[in-house]
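Me: Please take a close look at one part of this structure, the nonpolar patch on the surface. I would like to know which residues form the patch and where they sit in the chain.

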Amino acid sequence: HLAGSPWKLALFSQLSFLLRDRSAYLRADYQYNARQSDLIANTNPLNGSYALWASTVPAQTFVSLRAGMRVRRFDLSLFAQNLFDTRPALTVNQDVGSPSGGTPLLYVITWPPRSIGLTLTYRY
């Protein structure tokens, strides 16, 4: 088995409407990844590469929102990514980059933190 979710669900919805005679929209994106339940090499105690610090991939949700308006060739939008600031441990790696065995440092890879910002797009 490979490390990762056995199945995923991705949904989005977009509402387009007129606001003061301008084209506007609201969009929501939702992604759910199921928990990994199968053992992999690092999480199986019967395997030679078993690591006490290794864990399976947890269930995850990721939500993004966007609200915008189009004016002529411009599209201005406000966005929020990773709205609930979820930070699941997607992968945990040990620093073993040297022939002497590395260090006891563990690296946890997760999603970027919540991001809020503006996007301005010009279409030509």
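Reply: What follows describes the patch and then the aromatic pairs.

This is a predicted model. The nonpolar patch on the surface is formed by Phe74, Leu76, Leu78, Ile116, Leu118, Leu120, Tyr122 and Tyr124, and together these residues have about 990 Å² of accessible area. Two strands, S4 (74-81) and S7 (115-122), each supply at least two residues of the patch. S7 gives the largest share, four residues. Tyr124 lies in the segment after S7. Tyr124 has a relative accessible area of 84%, so Tyr124 counts as exposed, the cut-off for that class being over 50%.

Aromatic pairs are the next point. A search of the whole structure finds three of them. One of these is formed by Phe62 and Trp111, with an edge-to-face arrangement, 4.8 Å centre to centre and 80 degrees between the planes. This pair links distant parts of the chain, 49 residues apart: Phe62 is in strand S3 (residues 60-71), and Trp111 is in the loop between strand S6 (106-109) and S7. Phe62 is partly exposed, because its relative accessibility is 22%, whereas Trp111, at 15%, is buried.

Another pair is made by two residues of the patch, Phe74 and Tyr122. Their rings are tilted, with 5.0 Å centre to centre and 55 degrees between the planes. Phe74 belongs to strand S4 and Tyr122 to strand S7, so the pair links distant parts of the chain, 48 residues apart. Phe74 has 40% relative accessibility and therefore counts as partly exposed. Tyr122 is also partly exposed, at 46% relative accessibility.

Technical notes: Residues are numbered from 1 along each chain as its sequence is written. This is a predicted model: local features need pLDDT of at least 70, side-chain atom pairs count only at pLDDT 80 or more; totals for chains, interfaces and linings use all residues. Side-chain values use heavy atoms; hydrogens and water are left out. Patches are made of residues with over 30% relative accessible area and no salt bridge: like charges are joined within 9 Å, nonpolar side chains (Val, Leu, Ile, Met, Phe, Trp, Tyr) within 5 Å. Accessible areas come from the Shrake-Rupley method with a 1.4 Å probe; for residues, only the protein chains shown count as cover. A salt bridge is a side-chain nitrogen of Lys or Arg within 4 Å of a carboxyl oxygen of Asp or Glu. Buried means under 20% relative accessible area, exposed over 50%, partly exposed in between (1.4 Å probe, protein chains only). Rings of Phe, Tyr and Trp (its six-membered ring) pair if their centres lie within 6.5 Å; planes under 30 degrees apart count as stacked, over 60 as edge-to-face and the rest as tilted.
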